[in-house]
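This report introduces one structure to a reader who has not met it before. Please keep the sequence and the three-dimensional view at hand while reading.

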Amino acid sequence: MGYPPSGQDPYGQQPNQDPYGQPQYGQQPQYGQPQQPSYQDPYAQPQQPAYQDPYAQPQQPAYQDPYAQQPPVSGSPYPTSGGAYPGPTSGGAYPGGGYGAPAQPQNTLGLVGMILGIAAIPLLCCFSIGLPLGIAAVVVSYLALNKVKQGLATNRSQAMAGLICGAVAVVLWVVFLILSLALNFSTGYSGL
């Protein structure tokens with residue numbers, strides 16, 4: 001057996017080529033021969049950046065509005081925009097607006113009850129107008145207190161004032177009736 005010709009490696013490698021098949025600087029790779037992958041150590045630690053700031057805040061994802069228009073889902077039976085269905089804040093055809101509108105307190109009954117109760121007391125002298133006003137004040141104020149208990153109204157003090165003034169007007173009317181009847185009997189009946 002003879003030696004290989006000069007310039008060749010006895011193991012079949014070309015000169016100026018590393019044993020793993022990678023061409024060295026300045027040489028073109030040979031495409032006829034399969035390239036072997038470079039060796040990677042499976043136990044090697046991943047390389048970390050040279051410096052990490054220990055006080056740096058982690059990056060937060062940008063805020064996304066959960067109520068923002070989402071892209072349409074294929075097969076969805078509901079339109080996502082421009083359809084016939086009103087959105088959650090569009091107001092639409094429903095009374096009271098959308099979901100986002102806060103409910104206004106229903107304080108009208110308490111106010112009316114207080115006005116009727118206050119007006120009933122001085123109007124007792126005028127042809128007994130005070131009695132129906134006092135009864136109306138008690139009824140309306142009672143309904144207003146029920147709305148306050150349900151959380152639909154916020155004027156409990158006005159409803160209580162109407163209830164108290166209406167009740168006082170009714171009681172005063174009854175007292176005046178009894179006194180007037182007692183005085184008429186005592187003065188009208190002179191004896192036998």
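A disulfide is a pair of cysteine sulfur atoms within 2.5 Å. The structure shown here is a predicted model, and it holds zero disulfides. For Cys126, the closest cysteine sulfur belongs to Cys125 and lies 6.3 Å away, which is too far for a bond. Cys126 is partly exposed, its relative accessible area being 34%. Cys165, in contrast, is buried, with a relative accessible area of 19%, because buried means under 20%.

**Overall organisation**

The chain has three helices and zero strands. Along the sequence, these elements follow the pattern α-α-α. Of the 192 residues in the chain, 12% are buried.

**Helix 1 and helix 2**

Helix 1 covers residues 108-120, and helix 2 covers residues 130-150. For each of these two helices, a rise of 1.5 Å a residue gives an expected span that can be set against the separation of the end C-alpha atoms, as shown below.

| Helix | Number of residues | Expected span | Distance between end C-alpha atoms |
|---|---|---|---|
| Helix 1 | 13 residues | 18 Å | 18 Å |
| Helix 2 | 21 residues | 30 Å | 30 Å |

The two values agree for helix 1, and they agree for helix 2 as well.

Which residues of helix 1 are buried? They are Gly110, Gly113, Gly117 and Ala120. These residues cover an arc of only 100° around the axis, and therefore they lie on the same side of helix 1.

In helix 2, the buried residues are Gly130, Leu131, Gly134, Ala137, Val140, Ser141, Ala144, Leu145 and Val148. One of them, Leu145, has a relative accessible area of 12%. The C-alpha atom of Leu145 is 9.2 Å from that of Ser157, and the two residues are twelve residues apart in sequence.

Asn146 also lies in helix 2. Is Asn146 buried or partly exposed? Asn146 counts as partly exposed, at 26% relative accessibility, since the partly exposed class lies between the buried limit of 20% and the exposed limit of 50%. Between the C-alpha atoms of Asn146 and Ala159 the distance is 9.7 Å, with 13 residues separating the pair along the chain. Just after helix 2 comes Gly151, which takes a positive phi of about 85°.

**Helix 3 and the nonpolar surface patch**

Helix 3 comprises residues 156-188, and Val171 is found within this helix. Val171 counts as exposed, with 51% relative accessibility; the reason is that exposed means over 50%.

Val171 is also part of a nonpolar patch on the surface. Which other residues form the patch? They are Ile121, Ile164, Val168, Leu172, Val175, Phe176 and Leu179. Together with Val171, these residues have about 630 Å² of accessible area.

**Summary**

The predicted model thus presents a chain of three helices without strands and without disulfides. The buried residues of helix 1 lie on the same side of that helix, and a nonpolar patch that includes Val171 lies on the surface.

Conventions. Residues numbered from 1 in each chain as written. Predicted model: local features only at pLDDT ≥ 70, side-chain atom pairs only at ≥ 80, totals over all residues. Heavy atoms only, no water. Helix = DSSP H or I, 4+ residues; strand = E, 2+ residues; numbered from the N terminus. Expected span 1.5 Å × (residues − 1). Buried < 20%, exposed > 50% of the residue type's maximum accessible area, 1.4 Å probe, protein only. Arc of directions from axis to C-beta. Patch = residues over 30% accessible without salt bridge, like charges linked within 9 Å, V, L, I, M, F, W, Y side chains within 5 Å. Areas by Shrake-Rupley, 256 points an atom, 1.4 Å probe, with all protein chains shown as cover. Salt bridge = Lys/Arg side-chain N within 4 Å of Asp/Glu carboxyl O.
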